[in-house]
Protein chains: 4
Amino acid sequence: MAGNSFGELFRLTTFGESHGKAIGMVVDGCPSGLPLDVDLIRKDLQRRRPGQSAIVSQRDEPDEVDILSGLFEGTTTGAPISMIILNRDYKISDYSHIAGKYRPSHADYTYDKKFGLRDYRGGGRSSARETVARVAAGAIAKQVLGKLGIQIQAYVSSVGHISVDKPYTELVLSEAELNPVRCPDKELAAKMEELIKKIRKQGDTIGGTITGVAFRIPVGWGEPVFDKLHADLGKAMLSINAVKGFEYGSGFDGTKLKGSEHNDIFEKSNGRIITKTNFSGGIQGGISNGMDIFFRVAFKPVSTLMRDQDSIDSEGNRVVIKGKGRHDPCVVPRAVPIVEAMAALVLTDHYLRHKATRL
Amino acid sequence: MAGNSFGELFRLTTFGESHGKAIGMVVDGCPSGLPLDVDLIRKDLQRRRPGQSAIVSQRDEPDEVDILSGLFEGTTTGAPISMIILNRDYKISDYSHIAGKYRPSHADYTYDKKFGLRDYRGGGRSSARETVARVAAGAIAKQVLGKLGIQIQAYVSSVGHISVDKPYTELVLSEAELNPVRCPDKELAAKMEELIKKIRKQGDTIGGTITGVAFRIPVGWGEPVFDKLHADLGKAMLSINAVKGFEYGSGFDGTKLKGSEHNDIFEKSNGRIITKTNFSGGIQGGISNGMDIFFRVAFKPVSTLMRDQDSIDSEGNRVVIKGKGRHDPCVVPRAVPIVEAMAALVLTDHYLRHKATRL
Amino acid sequence: MAGNSFGELFRLTTFGESHGKAIGMVVDGCPSGLPLDVDLIRKDLQRRRPGQSAIVSQRDEPDEVDILSGLFEGTTTGAPISMIILNRDYKISDYSHIAGKYRPSHADYTYDKKFGLRDYRGGGRSSARETVARVAAGAIAKQVLGKLGIQIQAYVSSVGHISVDKPYTELVLSEAELNPVRCPDKELAAKMEELIKKIRKQGDTIGGTITGVAFRIPVGWGEPVFDKLHADLGKAMLSINAVKGFEYGSGFDGTKLKGSEHNDIFEKSNGRIITKTNFSGGIQGGISNGMDIFFRVAFKPVSTLMRDQDSIDSEGNRVVIKGKGRHDPCVVPRAVPIVEAMAALVLTDHYLRHKATRL
Amino acid sequence: MAGNSFGELFRLTTFGESHGKAIGMVVDGCPSGLPLDVDLIRKDLQRRRPGQSAIVSQRDEPDEVDILSGLFEGTTTGAPISMIILNRDYKISDYSHIAGKYRPSHADYTYDKKFGLRDYRGGGRSSARETVARVAAGAIAKQVLGKLGIQIQAYVSSVGHISVDKPYTELVLSEAELNPVRCPDKELAAKMEELIKKIRKQGDTIGGTITGVAFRIPVGWGEPVFDKLHADLGKAMLSINAVKGFEYGSGFDGTKLKGSEHNDIFEKSNGRIITKTNFSGGIQGGISNGMDIFFRVAFKPVSTLMRDQDSIDSEGNRVVIKGKGRHDPCVVPRAVPIVEAMAALVLTDHYLRHKATRL
């Protein structure tokens, strides 16, 4: 209710501040009997980690996960699974310069007014550091879904004005992991990398988009009328730091089409009902129809700049602020596993919810 | 949990099928002591009603609301408020032609597979008729917000390729209600109207977008980290029939900007902290910052066409389907009050949730 | 959240005041594909209805249920089921005498202070009239459970000092329905009836207890650690008007026993694991163990007396109050179907919740 | 939803197994701005801790709490508060003797059947060790309530047949903490202690009851109709390990009274509305009326006996089981702070919920 939990039956609660002792999470509702591969959790944490390449933050967060509960001899028991990740790389002095100041387009001002005080160290609870807990939880969800043959893959589909114009069906998505930008189009990836480096040199930042795809979702997931599958996916994505928009299937472009162009015609193929096109993005009436689910997420440019910006302090005085430390010039490469994690959480939750639909 | 409720503290539950006895709703959690103006509810229902103009569905739904509970001498008591709207205009024979068939891009197939059966009359529970309950509930929420001086206004910002390019700040929003398209730019409205009429003659349909604005929201509404104000707004909008996308503030366009262009610089003006620009769309870190909240919602073209379409029936046989009855060629004019209603529900809920933040 | 809903996956929301237009309910989460026998709903409403015998309230409430949604050709569709029951027998003038007065041990004072106003007509929302909605919903839940072979039966186990000392296993529970007190021990039932008549003549009221039993519950229902099956049963019962206590299995008497007397020894019988005794009341560690679930619920004497009582009005002045109209001298006979209904709601909810436990 | 969370606005989630790495908790929804006194948390943990006296378990659990999040410079920030308590005293070998066996009246059998496997070490998640997290959370809730002047005090009111017959109003409750039984009647406390020692020598255990009282609760807390204050208190208490019953105010004894004896007559005293008697236990219509709230909780005898008991193993073979290690012969002395903690959680939650009642 205070906003730190997500999901109904597969429910994640996260806790911890950027510069507190630890970031942690509890997953309640993970089915019992799942042998949990901790390496898969580590692998996704590693994908999210700063310092992986020259175009992301150079912070050194080892992000070692400690599983405190919920497993017995490596298998889930149905009890809540909790993990913590200690914050080893915090240097309090890095943040004293912003203690009383409101960084532009950050949550400093709103948190201060909402709560009457704030943990200013690295943004405290509002920091994207919190997403490490999401990625850890998502790696559990992916394993639940994996048992059902489901796979989720996200990739960077634009950085600034450089955009992948091909649909995901014409890309080899696994190639996204072969370059630091996480764009499956090698040539565009190189251009994006170049752009990010240029922007970083200017002490500036740049936005971008991520496309996510879920393969082999069974027909029937999603709940009418408020908990439509895409509504929950949308909320999940919009809850990620820096996200400004969400669209699925034909999205905003679909608004320009006529019904006769946009409708997905059903046909039977090899005994299975499919649609000839997929403007629906795999979801009709809020419920999965068995086609690929795909969506796109908009990320704004990172707010912390490595150059002077005007602002005010908590007393309304004009001040100048400049970022210190190690920040991302562009958030999308590291946000790819976060998008996947949130999608996995939504889908696992709706998998469990769907079980209650029939006698 | 089965998806028919929305909100936490100000909680709407809707029920009823397109061609059942009634559409109804319960609002639980409306604060006591609010003198409820039923005319304001009727007025919003009237705005959503079919048959208002030549460009919308010509169905005759009088949509008279019957308040069953929650008021005493016209004032809310804190008890659940329920209303029902009888479905008077249903003609069961209108729908026998689709009983066993799956209409393209409708929820027929997915409901059938999810639930093992479906009420095929007019889409049953998946019909946009359900939104009448949302509008009624939204009209209560608007009155709660009205007590706080808050106003919500939505308008059609595009139909097909015809788009309002000016920001909302350069429009007189109240003028949207002066034309049947509900676009505040008179000239564009005329073009949109013409386009819709042309499309309708073709037996076709067209998509569009709606922009929503909330004025005078206090600083501090919204909950970190999953229940960010824009995440809940996004879910609310995405739960509306035919919605394919949501963006707020700078949205998808913001992804192309640099941080130095996008950051909203704070300043003190007349003793109040404001930002010079509002790319943030009034929300920072998921919490309202006192600036206008604005967002844009994408609606696909209506799926029911007045011309032949290929499809299949529930046994996989190929069939031809053609819409009968009275349908909208473009949904956005009538969806304006629905967008406002959903925004009002989210904001009222977060108003109440915010009360629990401090001792 | 405002307290008018119950259950997680099988979720009941009730609305309506004692003397408003209608009492109503929505059940969200009823599985699809259940042919609903409306006569079974009517039958339970009839059991709860006033005016059935000389020892209960003589109000004439026909309690005809109108199903507004959720069925298609008599079968549940997975959409929310709503029903309303019109309030036909209300005479507003009956209640003007208590408009500004606080009836002793009623909710008049607390509602007034909590909400700042109250619907004084017959107690408004605090009236036991609300339980008609629970009974209607419970009759749906019983049908879900019936599909699984589960049966729930409650009976009056005491009125005042007259108490059934035999355990339920030595009674023929179906005989409870053969007398107006709903006590399966014929001789004690006659004494209870006599007592209630005597008490009524005095213009007084008397308390009592109801015992509930659920037969053939599968092993495994209930959720650790907060949503133990008996904890949810307890909350369900304590939410019924006039209830003061709940115990299950050995209950309060069990506190006097030694572990060696109280432990239920497992054994295998006909290939099935059972316990020799059932002090556990069919629940161990909060989870059903396959034995009968039984519990006891304490009801206080009805607060409305047909004789003068001292009280105060809303301004603190001393006043005298005397009940008017038709009230129950003892609530337990009519509360039997309410206890059954609440038990059915809890069990159906946990049946659905249990489905999410395993992959 | 999987049962490991409690409360709506002040929401506790616990995690951890008896013999896992740690027991932990997250409190989401604690208002910001509360200077948290960690010593008060330690003090309540100390009261719950084993090994405090000769009549409780002699396990050595230091129970040092580590606060991971939610505080900034000692004050709550509105972010989730998490704490962990490492399990230092686990000896895996202690439990191998029960690995495949079902201890009578424990959760071994039901967990095994529900989840398909179980952590048999010390009961795993079903162990009362989990309550350490509740006590830590309750100590936070007590501090929130303390700001409002509210105090909660529980005490042992019976052990076996030895029962405190005086009402709490005739006792000095603070004296409960002066003896190891936690009974405020010194002479009865001595007898209880003697009884427990005798029972322990027999390798047996004994049940008991705890009475809880909350002082200075404002009028108006509690939500109609399902979330009555006593219904939530009842669920809270029934969720504690070994609890078999709950009653408040007049409770089960009240069922024997007549309305004319049981009704609490209002009067104005020193400008404040009070009732002459308090059979209502401070709650009318589910809402606090400003009088003391009091209730009684029944605990069964501990199931683990230090002597041979017949049972079966997971294959249905007959086996003999005998407790090892250090167990409580009677749980009530150590359960006193647990009862207080659960009461504090319920009251704090309803305090926050009540804030949403009015505009």
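**Exercise 1. Is A:Cys330 buried or exposed, and what does its sulfur have around it?**

Keep in mind that this is a predicted model.

Step 1. Start with the accessibility: A:Cys330 has a relative value of 1%, so it goes down as buried.

Step 2. Now look for a partner. The closest cysteine sulfur belongs to A:Cys183, and the gap is 11 Å, so a bond is ruled out by distance. The cut-off for a disulfide is 2.5 Å between the sulfur atoms.

Step 3. Zoom out to the whole structure: the disulfide count over all chains is 0.

Step 4. For another cysteine, try A:Cys30, which is also buried, with a relative accessible area of 2%.

**Exercise 2. Work out where B:Ala343 sits and which residues it touches**.

Step 1. Place it in the fold: B:Ala343 belongs to helix α7 of chain B, which covers residues 332–354.

Step 2. Check its exposure. B:Ala343 comes out at 1% relative accessibility, and since anything under 20% is called buried, it is buried.

Step 3. List the contacts, skipping residues up to four places away in sequence: B:Ala343 touches B:Ile152, B:Leu233, B:Met237 and B:Phe295.

Step 4. Add a pair from far along the chain. B:Val213 is 130 residues from B:Ala343 in sequence, yet their C-alpha atoms are 8.9 Å apart.

**Exercise 3. How many residues of helix α5 in chain C are buried?**

Step 1. Mark out the helix, which spans residues 229–238 of chain C.

Step 2. Count the buried ones: 10 of its 10 residues qualify, so the helix is mostly covered by the 20% cut-off.

Step 3. Look at who they are. Among them are C:Leu229, C:Leu233 and C:Met237, but also C:His230, C:Asp232 and C:Lys235.

Step 4. Bring in some helix geometry: with 3.6 residues a turn, an α-helix has residues three or four places apart pointing the same way. In α5(C) the buried set also includes C:Ala231, C:Gly234, C:Ala236 and C:Leu238.

**Exercise 4. Describe the interface of chain A and chain B**.

Step 1. Get the extent: each chain brings 108 residues to the contact. About 8,500 Å² is buried between them, with carbon and sulfur atoms giving 60%.

Step 2. Find the top contributors on chain A. A:Lys114, A:Phe226 and A:Lys244 lose the most area to chain B, and together they make up 11% of what that side buries.

Step 3. Go through the polar side. There are 6 salt bridges across this interface, and A:Glu223 forms a salt bridge with B:Lys114 at 3.2 Å, N to O. Residue pairs in polar contact number 55.

Step 4. Ask which element gives the largest share of chain A's side: that is helix α2 (residues 108–115), with 7 residues. By class, this side has 37 nonpolar, 43 polar and 28 charged residues.

**Exercise 5. Do the same for chain D and chain B**.

Step 1. Here the contact takes 14 residues from each chain. The buried area is about 1,300 Å², and 67% of it comes from carbon and sulfur atoms.

Step 2. Pick out the main suppliers: D:Lys355, D:Ala356 and D:Leu359 account for 45% of the area that chain D buries against chain B, more than any other three residues.

Step 3. Count the polar links. Salt bridges number 0, while 4 residue pairs are in polar contact.

Step 4. Map chain D's side onto helices: α3 (131–147) and α7 (332–354) each supply at least two residues. The classes split into 9 nonpolar, 2 polar and 3 charged.

Key
Residues numbered from 1 in each chain as written. Chains lettered and ligands numbered in written order. Predicted model: local features only at pLDDT ≥ 70, side-chain atom pairs only at ≥ 80, totals over all residues. Heavy atoms only, no water. Contact = heavy atoms within 4.5 Å. Buried area = accessible area lost by both parts, 1.4 Å probe. Salt bridge = Lys/Arg side-chain N within 4 Å of Asp/Glu carboxyl O. Polar contact = N/O pair within 3.5 Å; in protein donor to acceptor, adjacent residues only side chain to side chain. Helix = DSSP H or I, 4+ residues; strand = E, 2+ residues; numbered from the N terminus. Nonpolar A, V, L, I, M, F, W, Y, C, P; charged D, E, K, R; others polar. Buried < 20%, exposed > 50% of the residue type's maximum accessible area, 1.4 Å probe, protein only.
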